[in-house]
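Reader: I should like to understand how the terms used for a protein structure are justified. May I put some questions to you about the one shown here?

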Amino acid sequence: MINRRQFIQAGVILATLPKQLVLASARLFTNRFQVPNLEVGKRVGKDVYFDLSIQAGKTNIIANKLTPTLGINQGFLGVTLQANKGDTVHIKAKNNINKTTTLHWHGVKLPAKADGGPHQPILPGKIWKTQFDIVQPAATLWYHSHQLHKTAEQVYHGLAGLFIVNDDTSKKLNLPSEYGVDDLPVIIQDRDFKRDGSFSYLGSMMDSMRGMKGNTILVNGVVNPILKAKKSLLRLRLLNGSNARTYHLNFDDNRPFTIIGSDGGLLEKSIKVNTVRLASAERVEILVDVSDGGHPILQHTAVQVSSGMGGMGMMGNSDKDMDIFQIDARQAAKSNLSIPTHLVQHNNPEQSAVSKQRKLILQMKMGPSMMFGGDTFSINGKTMDINRIDEVVKAGSTEIWHLENTSMMAHPLHIHNVQFKVIARKGGVKGHELGFKDVVLVHPQERVSVIMKFPKFSDAKTPYMYHCHILEHEDRGMMGQFTVV
Ligand code: C2O
Ligand code: CU
Ligand code: CU
């Protein structure tokens, strides 16, 4: 056990060592890569029943310590739920923790009452029952707490899991699809710990303004994991489940990998890359060929942002290179699957069908609330008010929303109940942003335009949310409500 002072000294020493040495010493992947349990529910024909328990746990994450955590059907993080397009999903969620919470189905097209946002709170000891049909194609979706003003803290402690949708089209593509074998969830989160092993959340005002960024990376809840690959072609379902950090991911040997899916499902064509950017809440599915038997490390390479932060040096960029996890492919059996070029055909929303355009201006108020808490972040000059409907959308209509960021920080903007296409942004649309999306990063002084067709569900009373997915920003006002009628 080292004390804080020694720890700081060690940090100083590390900072003065050549980078090679520091990286070498940080690269100790000793923990087994774990995947959350897969839950397929109880199936009766096309009806699938999930019995969920929102619960507290104590989890051994860092050496010799137990961390108080939250989870769904397990002590930390949620089990992976899986269903098929065409299924009717029945949810029964019991709140077994002593705080009010919710379960939101992120990326799912569904009736507002089933959305699990701030309007569907589950009080301690209570059960929430809901159901929805899966009307969208195969995708890596997720679910998490969406409790008003408490989302960030609850997700940070573990109330988040994956929700995988399959369909016949994706099955025919012969992609790696054996869960835990060659089809692997990779939930990336950054956390800080106190000396007693508990999570350290919002240690400083800076954390609540920039969004909470931790110094320790967890993958599926595990620190420094090593994945002993069983197959030579791996499908990784990457979810940035971090509260605030944007990752720039690459392998340490710079090997290429293939992006096959974005937030809303498979791309039309696979894309070969060396790096991918993933903002909070974004997902990508990638295929990685490890038939060389190597041991590549997935890492985050910090990008120095030269934003208009000007005098805001204190808000400056605290980003640094971080290792995510290592793959050990020495025992990997030769996979007989290949990487397809053409994947699926998209049913794109049509420009000619657009009946309305809207503008969302993402803003940050300057002043005392910045440092001393309260609603600092707004959209169109308004902070979140659960009693105010900000936008009313026509069911089944096609709209273009222009997302304009006039603040000094990048914001990943998320819209409930839709999968949109990015049609314009600085530098053009590329990579996984060519696919269907439900969250998109908007840089300072940037305008990103998205087009979407709203599903037919309508409900004049119950709104959906749109918000920044830096969860501290969401909790501090950067959220609005829309109904679909
Ligand atoms: Cu991922 Cu409104 O949430
Ligand atoms: Cu959502
Ligand atoms: Cu934000």
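**Terms and their grounds**

Author: Strand E19 (residues 257-262) and strand E22 run antiparallel and are joined by 3 bridges. Please keep in mind that this is a predicted model.

Reader: What makes E19 and E22 a pair of strands?

Author: Two strands pair if there are at least two bridges between them. E19 and E22 have 3 bridges, so the pairing criterion of at least two is met. One of the contacts across this pair is that of Gly261, whose bridge partner in E22 is Glu285.

Reader: Which strand is joined to E22 by 7 bridges?

Author: That is strand E17 (residues 233-240), which runs antiparallel to E22. Here Leu239 stands opposite Arg283 in E22.

Reader: Why is E22 called mostly covered?

Author: Of the 7 residues in E22 (residues 283-289), 6 are buried. Buried means under 20% relative accessible area.

Reader: What is Leu238 in contact with, leaving aside its neighbours within four places in sequence?

Author: Its partners are Val186, Leu249, Leu278, Glu282, Arg283, Val284, Ile286 and Leu298. Leu238 is also among the residues with the most contacts inside the largest nonpolar core, together with Leu236, Leu249, Ile324 and Phe325. That core has 38 residues. A second, separate core has 32 residues, including Met409, Ile415, Val440 and Tyr464.

Reader: How do you know that His104 and His414 are donors of the copper ion (ligand 2)?

Author: The NE2 atoms of His104 and His414 lie 1.9 Å from the ion. A donor is an N, O or S atom within 2.8 Å of such a metal, so both nitrogen atoms qualify at 1.9 Å. His104 belongs to strand E9 (residues 104-106) and His414 to strand E29 (residues 411-415), so the two tie together parts that are 310 residues apart in sequence. Both histidines, His104 and His414, are buried.

Reader: What makes His411, Cys468 and His473 the residues that coordinate the copper ion (ligand 3)?

Author: The donor atoms are ND1 of His411, SG of Cys468 and ND1 of His473, at 2.0 to 2.1 Å. These distances are within the 2.8 Å cut-off, so the three atoms count as donors. Along the chain the donors follow the spacing H-x56-C-x4-H. His411 lies in strand E29 and His473 in helix H7 (residues 471-475), so this pair ties together parts that are 62 residues apart in sequence. Both His411 and His473 are buried.

Reader: Why is Asn64 called exposed?

Author: Asn64 has 77% relative accessibility, and exposed means over 50%, so the term applies. Asn64 is placed in the loop between strand E4 (47-59) and strand E5 (67-72). Although Asn64 is not a glycine, its phi is positive, at about 60°.

Reader: Why is Asn417 called buried?

Author: The relative accessibility of Asn417 is 1%. The limit for buried is under 20%, so Asn417 is buried. Asn417 is found in the loop between E29 and strand E30 (421-424), and its phi is positive, at about 70°, although it is not a glycine.

Reader: Which residues lie nearest the centre of the second largest pocket?

Author: They are Lys109, Pro137, His346, Asn347 and Phe436, out of 28 lining residues. The volume of this pocket is about 700 Å³. Helix H4 (168-172) and strand E20 (265-273) are the elements that give two or more residues to its lining.

Note on methods. Residues numbered from 1 in each chain as written. Chains lettered and ligands numbered in written order. Predicted model: local features only at pLDDT ≥ 70, side-chain atom pairs only at ≥ 80, totals over all residues. Heavy atoms only, no water. Core = buried A, V, L, I, M, F, W, Y, C linked by side-chain atoms within 4.5 Å. Buried < 20%, exposed > 50% of the residue type's maximum accessible area, 1.4 Å probe, protein only. Contact = heavy atoms within 4.5 Å. Donors = N, O, S within 2.8 Å, 3.2 Å for Na, K, Ca; no water. Helix = DSSP H or I, 4+ residues; strand = E, 2+ residues; numbered from the N terminus. 1 Å grid on protein atoms, 1.4 Å probe; cavity = no way out; pocket = protein on both sides within 12 Å on 5 of 7 lines; lining within 4 Å. Points joined across faces, edges and corners; volume = space filled by probe spheres on them.
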